[in-house]
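Welcome to this guided tour! Please open the structure in your viewer and get ready to make a few selections as we go.

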Amino acid sequence: MASLLPPRVPSLRNNLPVSWISSSKPTPLNQFSPFPEPLRRSRGRCCALIGDSPEELLVNGLHLDESNPLFPYLQYGLAQLQRVVGGLPEIDRWEVLVFAGLSWIYLTARPGVLIGAVDAYILAPLQLGLDSLLGRRNLKMSDFVVGERLGEGSFGIVYSGAIVPKNLSVEDRLEKRGRRLEMDKRFKEKVILKKVKVGTVGAEECGDFEEWFNYRVSRAAPESCAKFLGSFIADKTSSQFTKGGKWLVWKYEGDSSLADYMNGRNFPFNLESIMFGRILQGLDSIKRSALIIKQIMRQIITSLRRIHATGIVHRDIKPANLVVTRKGQIKLIDFGAATDLRIGKNYVPDRGLLDPDYCPPELYVLPEETPQPPPEPIAAILSPILWQLNSPDLFDMYSAGIVLMQMAIPTLRSSAGLKNFNSELKAVGYDLNKWREYTRSRPDLRILDLDSGRGWDLATKLISERGFLRRGRLSAAAALRHPYFLLGGDQAAAVLSKLNLTN
Ligand SMILES: Nc1ncnc2c1ncn2[C@@H]1O[C@H](COP(=O)(O)OP(=O)(O)OP(=O)(O)O)[C@@H](O)[C@H]1O
């Protein structure tokens with residue numbers, strides 16, 4: 001037991017300045033000048049009064065003398081503290097403060113080393129613990145019924161589906177096959193299921209990345225992404241299930257993606273009452289269109305700002321990966337190509353995964369010569385430097401610019417129109433102003449030219465080559481401060497619609 005005690009300080013008197021021990025009355029420790037201001041304050045009410053004899057201490061009113069078992073600890077602590085802080089000359093204290101300040105700035109600079117550590121070492125285990133406790137990580141194949149096939153990507157096939165209610169009998173469960181889910185009133189909780197392809201090279205790895213990213217964004221920016229419910233492994237082979245195959249599950253967020261709405265002949269009016277709860281009165285059609293498009297762009301860029309702030313670059317921003325909910329929220333989906341540059345997750349230097357129609361000219365989020373990421377903690381420590389030097393978030397901002405152009409200019413919504421635009425843009429060095437001069441496609445730019453061309457100005461600052469220090473485009477946060485979004489009537493209309501809905 002004795003060996004656990006800190007080393008005894010031979011005499012407290014020898015370790016304290018004269019002023020500490022010459023006082024005839026006990027003096028609060030926090031008034032001693034050798035302690036810098038913050039430390040004195042932090043000691044505040046806590047600690048010690050030194051008694052008339054230095055071998056006697058009063059702690060929080062508790063009298064400690066040498067017979068008290070706590071005495072050696074306090075004595076030792078005091079001596080150490082005095083040695084560390086009291087011994088520092090004034091100039092060193094400033095150095096310590098400046099160092100602490102700079103470290104704080106570094107650790108909290110984008111993409112946030114400190115918050116990343118909190119997320120990785122506290123929030124992620126907490127989420128896992130809580131989910132396991134609530135049974136959210138124990139999804140089973142029998143919990144779901146699979147419906148219509150919605151799409152197929154490189155590593156997965158997407159289906160609509162539903163959660164099978166607990167009270168459904170085995171017969172009902174069997175009978176459910178072959179029925180259209182949306183007609184079946186028993187299946188109220190609709191989901192999206194993604195079957196990770198079995199036997200396709202790299203599919204399993206992509207599925208694991210997508211799962212990891214979905215958990216990560218559900219902590220970092222839950223309101224910006226489709227709600228992820230978890231994953232399960234099929235335990236037998238039947239209909240679409242293959243034994244051992246992995247499935248990812250999301251809440252069904254809405255019937256259509258932005259691409260579906262953009263394919264409609266009456267876009268953007270087909271989104272007007274979903275976004276604003278009503279038809280915008282007293283405005284001509286160009287102004288109405290402009291307000292709807294601005295509200296969509298505001299939501300997309302706000303979501304990008306949130307994910308970029310945590311070090312994630314989506315890398316596949318396009319209308320098909322933006323789901324519109326019934327309440328008019330635009331949610332990001334499909335994080336299969338995302339990369340987390342805080343820790344280098346899913347970052348392979350020369351792998352570009354994007355849809356070429358939305359891909360910026362640089363093709364990769366980081367220069368090709370960027371090496372493979374080091375182990376995660378080291379990558380995290382270096383990430384603010386990497387981010388400052390390369391601004392990888394501007395990759396997504398280019399794609400967002402293309403989405404803006406497509407929404408605002410009807411002729412760019414078709415696949416052929418977009419391809420033609422992209423090749424013209426390439427020919428003019430990705431300079432939108434030059435494109436405007438030289439294009440033969442006679443685009444209708446009225447929506448972007450409204451309000452002294454604020455929309456056009458924003459588009460030119462999103463669609464461009466990378467400039468000096470790999471900047472040259474607006475980040476999501478800077479884009480939201482652009483005059484296009486400032487005082488945007490779309491916000492007023494959205495707020496009004498919410499007020500109307502709550503009345
Ligand atoms: N949570 C969701 N809520 C509603 N619909 C969704 C959801 N997730 C996906 N979808 C629909 O499924 C389609 C395909 O999803 P997703 O893009 O994730 O799959 P994918 O396999 O990567 O396909 P692709 O490579 O073609 O984009 C989307 O375009 C969207 O219409």
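## First stop: two helices side by side

Select α13 together with helix α16, which covers residues 446-462: the two pack at an angle of about 150°, and their axes are 8 Å apart. Keep in mind as you look that this is a predicted model. Are these helices roughly parallel or roughly antiparallel? Angles over 145 degrees count as roughly antiparallel, so α13 is roughly antiparallel to α16. The crossing of α13 and α16 is left-handed.

Now show the side chains where the pair touches. On α13, pick Met-397, Tyr-398, Ala-400, Gly-401, Leu-404, Met-405 and Ala-408. On α16, the partners are Ile-447, Leu-448, Gly-455, Ala-459 and Leu-462. Try colouring this contact of α13 with α16 by residue class: you will find 10 nonpolar residues, two polar ones and no charged ones.

## Second stop: another partner for α13

Keep α13 (residues 394-408) on screen and add helix α11, residues 285-309. Here the packing angle is about 170°, with 11 Å between the axes. That angle makes α11 roughly antiparallel to α13.

Which residues meet here? From α11, select Ile-293, Ile-296, Met-297, Ile-300, Ile-301 and Leu-304. Across from them, α13 offers Asp-396, Ala-400, Val-403, Leu-404, Met-407 and Ala-408. Colour by class again, and the contact of α11 with α13 shows 11 nonpolar residues, no polar ones and one charged one.

Before moving on, highlight Ala-400, Leu-404 and Ala-408 of α13: they appear in the contact with α11 and also in the contact with α16.

## Third stop: the domains

Zoom out and give each domain its own colour. Domain 1 is 83-130, domain 2 combines 138-169 with 186-251, and domain 3 is 256-497. How far apart are the C-alpha centres of domain 1 and domain 3? They lie 34 Å apart. Where these two domains touch, domain 1 supplies seven residues and domain 3 supplies 10 residues. On the domain 1 side of that contact, four residues are nonpolar, two are polar and one is charged.

## Last stop: the whole chain

Finally, switch to a cartoon view of the protein chain. Its secondary structure comes to 18 helices and 14 strands. Of its 503 residues, 34% are buried. What about contacts between residues at least 6 apart in sequence? Among these, 66% join residues at least 24 apart.

Technical notes: Residues are numbered from 1 along each chain as its sequence is written. This is a predicted model: local features need pLDDT of at least 70, side-chain atom pairs count only at pLDDT 80 or more; totals for chains, interfaces and linings use all residues. Helices (H or I, at least four residues) and strands (E, at least two) are DSSP runs, numbered from the N terminus. A residue is buried if 20 or more other C-beta atoms lie within 10 Å of its own, exposed if 12 or fewer, and partly exposed in between; C-beta atoms are placed from the backbone. Domain bounds come from an automatic or database domain assignment. Ala, Val, Leu, Ile, Met, Phe, Trp, Tyr, Cys and Pro count as nonpolar, Asp, Glu, Lys and Arg as charged, and the others, Gly among them, as polar. Axes are lines fitted to C-alpha atoms, for helices over the stretch in contact, and angles run from 0 to 180 degrees between N-to-C directions. Angles under 35 degrees count as roughly parallel, over 145 as roughly antiparallel, 65 to 115 as roughly perpendicular and the rest as oblique. A crossing is left-handed if the near helix is turned anticlockwise from the far one by less than a right angle, and right-handed if clockwise.
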